[in-house]
Amino acid sequence: MATAEAALIKKSRDIYRSILHDEAENTTQWRHGGPPVYDSVNQLFEEGRTKEWPKGSLEEVVQNAIKSWEMELSHKTRLQDFKTINPDKFKLIVNGREGLSGEETLRLGSYNALLKNSLPKEFQYYKADEETFESSHDAFRSAFPRGFAWEVLNVYSGPPVISFKFRHWGFFEGPFKGHAPTGEKVEFHGLGVLKIDESQRAEDVEIYYDPAELFGGLLKGPLISPSQSESEDNTASVAAATHGCPFSK
């Protein structure tokens, strides 16, 4: 095993263990008062994944690293509490757009950061500029009440520049932006490039995917009445502290 790859695996295990177990020292500021609980989405991941990577493999490490980063992004309120990124250098680049800094990504939230685009408003499936961190998470928690699972399909190169292919999936079992759920599986695939520093923290994350693959499934449901939509939105808000990360297990 190459030295850089072995170092990444060891460091990532330490970071992952720290995030899971050592936050009790608790200067960390959590968005919902404490670490998230992912019971339902863990079950979704176990039942629906197409790959089962050996423990300690580069593929498993990359998978856990991205999930850990996204958990921090969705559930921590201060960049200084992140253990997965280099806050001074971090950039998130989606589909070749101008990179977002760590603070910008944290302010927007993962959904808005990934779905932001420059199309004219009338052609946008989802208007990220009109959403807040909270409203974006509520919308997708409503649509995917069991969570939105994520897995690595392939890793093409090792550190310090890691390229990989991923898959995202969930079941459209709640309303989304006025569209009734279909109960069908919604999924999309994409490519990522992760650049890490000497401490194995992310400096750049590049994501490439086709948003139409996601929204094709979400907009299939018939339009529902405003009263139905409001009732379902209230239900989604109750679940806010438990799950809903786009890159969770």
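A residue counts as buried when its relative accessible area is under 20%, as exposed when that area is over 50%, and as partly exposed in between. The exercises below concern a predicted model.

**Exercise 1.** Decide whether Gln200 is buried or exposed, and do likewise for Asn95.

*Solution.* Begin with Gln200, which sits in the loop between S5 and S6 and has a positive phi of about 65° although it is not a glycine. Its relative accessible area is 13%, and because the cut-off for buried is under 20%, Gln200 is buried. Turn next to Asn95, in the loop between strand S1 (91-94) and S2, where phi is again positive, about 50°, although this residue is not a glycine either. With a relative accessible area of 31%, Asn95 is partly exposed. As background, most residues other than glycine have a negative phi.

**Exercise 2.** Work out the order of the strands in the sheet and name its edge strands.

*Solution.* Six strands form an open, mixed sheet in the order S2-S1-S6-S5-S4-S3. The edges are strand S2 (100-101) and strand S3 (149-157), each of which pairs on one side only. Within the sheet, strand S5 (residues 185-196) runs antiparallel to strand S6 (residues 202-209), and seven bridges join them; Leu191, for instance, has Tyr208 in S6 as its bridge partner.

**Exercise 3.** Find which residues of helix H7 (residues 211-218) are buried and what they pack against.

*Solution.* The buried residues are Leu214, Phe215, Gly217 and Leu218. Seen down the axis of H7, they fall within an arc of 155°, so they line one face of the helix. These buried residues pack against helix H5 (110-115), helix H6 (133-143) and S5.

Methods:
Residues numbered from 1 in each chain as written. Predicted model: local features only at pLDDT ≥ 70, side-chain atom pairs only at ≥ 80, totals over all residues. Heavy atoms only, no water. Pairing = 2+ DSSP bridges. Helix = DSSP H or I, 4+ residues; strand = E, 2+ residues; numbered from the N terminus. Buried < 20%, exposed > 50% of the residue type's maximum accessible area, 1.4 Å probe, protein only. Arc of directions from axis to C-beta. Contact = heavy atoms within 4.5 Å.
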